[in-house]
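Please examine the sequence and the model shown below before reading on. The report then treats helix packing, nonpolar cores and two individual residues.

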Amino acid sequence: MLNSWLDDARRCAMLVAGLAFMYGCLRLWPSAQSEPRLWSALSWHAMACTWAPLLWQVVRRVPGIAWMALWIQKHLLQNALIEGLSRSAQFVAQIAVVLCIYLFTPITSNDPAGRERECIAVRRRCAERTLDVIRGLKGYYIKAAQTLCGAGLFPQEFNEAFGVLLDQCPSEDFSVVTRTIEAEIRCKISDVFANFEQEPVAAASIGQVHFATLKDGTKVAVKVQYPEVERYFYMDVKTVGFVLGLVGMGPQVKDVFDKLQETMKQEFDYRKEAAVMDECANNVLPCFGGDVVIPRPLDENHPALRRNRVRTLCTRKVLTMEKLDGAPIRKHTLQLLESFAGQFGSTVDELKELMNCTDPSRLDRLSPKVKRLLHMGPITESQSRSLRLMIKTRNMTCRLLNIFLSGCQCTPCNNLRPRLRPLPVPLNGPRIVKLLFDVHGHEIFQNGLFNSEAHAGN
């Protein structure tokens, strides 16, 4: 219990440090724009705020501090708004340090290309540090980063760093997962599952997913909600609304926050998500059953639970569904980029940079093959089908040539072998995009039910 009091006091110290930082910002900001020395003072002020946790490790050893922490915990930190302000102050203080790194890191190169490389390195460093802050706070901050990722609001380095939050958020220990599942289904995991993988296959903003196998051999995916995520989310939303109200923006954003909280109430109740999955499957599969597959939740209506001791494996904090094998689209696109880059003697990062380049003089210096690749325009479904057939034929020919040349060690054959490696067969992108539009258009315009969340992860 003493450790809990000390943690609460540490949060209070972070709150005080963060509020002191914001007060310093407000006092220094009017003059900081015209006085470089004040910018330096502001950066040192932000750096000092980050020393608050270390300072606390020293101060906590002073006699009487533990009892003071108990009083703070009893009278102040039970208020969700105070705890939310503490989290917000911690976020502001640490982001201010990132901003100072971004603004005050010197760029020493005189060459334009060298300056650009140094700027990219600074942005990447700031992006990684911001990612660590978001991962540490969790809750609403991860959801906000997911929503903003790929929206064009940040430099490319931030989008790449935040991309891991789409399916690789911080996960909980398996002991926490076990307690949550057993409390929800009211029996031991071993009574229901023949095998349960301890390592999560994916971790999102409000829960993580584990693969498992039921006693009858049915392979399933189990999504388990984080214990404190709902409390943190509502706390952070309430804090943001409180701060916006202080600056006079409360009436403008009230409807937005009310709608956000209403939506999140459905997300935090996995039973509602299971019902939506079933409804979507009943709506979509009769029309598109030959092209798409929708996993069914293992609720009281699923045949796999008729011989099981539990009535349902879908509760408020646990969602169990049929396991479907597949690969993310990003995995296929990365393989294609690696293949194209290898063909032109380049790397994936260099190819991405060329695709985003707006300098005509640099593009003019490229080889004709690279130019055609970057300016080939949209591809039709029939063209994509022909390309897949050509690559499959080429790979089959390479395999036959490798078999034919396997016994020869002459110089021409040794030089030819690296060029006979098989290429990855691309997906039929136009067909997949058309199918997605058809399915989602059917859901929106025919059924009035669209099961997805508007961020880059989905």
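In which kind of crossing, left-handed or right-handed, does helix 13 pass helix 20? In this predicted model, the crossing of helix 13 with helix 20 is right-handed.

Two packed helices are described by the angle between their axes and the distance between the axes. For helix 13 and helix 20 (residues 429–447), the angle is about 125 degrees, and the axes lie 11 Å apart. An angle over 115 degrees but not over 145 counts as oblique, and the two helices are therefore oblique to each other. On the side of helix 13, the contact is formed by Cys280, Asn283, Val284, Cys287 and Phe288. Helix 20 contributes Leu435, Asp438, Val439, His442, Glu443 and Asn447. By character, the residues of this contact comprise six nonpolar, three polar and two charged.

**Nonpolar cores**

The largest nonpolar core has 36 residues, and Ile134, Phe162, Phe268 and Leu319 touch the most other members. Several elements give two or more residues to this core, among them helix 5 (80–104), helix 7 (140–148), helix 12 (250–268), helix 13 (270–288) and strand 5 (318–322). Helix 6 (112–137) is also one of these elements, and helix 6 supplies the largest share, seven residues. A second core, separate from this one, consists of 19 residues, including Phe196, Leu214, Leu313 and Val318.

Which residues does Leu319 touch, not counting residues up to four places away in sequence? Among them are Ala221, Val222, Lys223, Tyr270, Glu273, Ala274 and Met277. Pro297, Leu313 and Cys314 are also touched by Leu319.

**Two individual residues**

The table gives the accessibility of two residues.

| Residue | Relative accessible area | Class |
|---|---|---|
| Arg186 | 76% | exposed |
| Asn395 | 4% | buried |

Arg186 is placed in the loop between helix 9 (174–185) and helix 10 (189–192). Because its relative accessible area of 76% is over the 50% cut-off, Arg186 is classed as exposed. Most residues other than glycine have a negative phi. The phi of Arg186, in contrast, is positive, near 60 degrees.

Asn395 belongs to helix 18 (residues 381–404). Is Asn395 buried or exposed? Its relative accessible area of 4% is under the 20% cut-off, so Asn395 is buried. Apart from neighbours within four places in sequence, Asn395 is in contact with Pro422, Leu423 and Val425.

Terms used
Residues numbered from 1 in each chain as written. Predicted model: local features only at pLDDT ≥ 70, side-chain atom pairs only at ≥ 80, totals over all residues. Heavy atoms only, no water. Core = buried A, V, L, I, M, F, W, Y, C linked by side-chain atoms within 4.5 Å. Buried < 20%, exposed > 50% of the residue type's maximum accessible area, 1.4 Å probe, protein only. Helix = DSSP H or I, 4+ residues; strand = E, 2+ residues; numbered from the N terminus. Contact = heavy atoms within 4.5 Å. Axes fitted to C-alpha atoms, helices over the stretch in contact; angles between N-to-C directions. Parallel < 35°, antiparallel > 145°, perpendicular 65-115°, else oblique. Left-handed = near helix turned anticlockwise from the far one by under 90°. Nonpolar A, V, L, I, M, F, W, Y, C, P; charged D, E, K, R; others polar.
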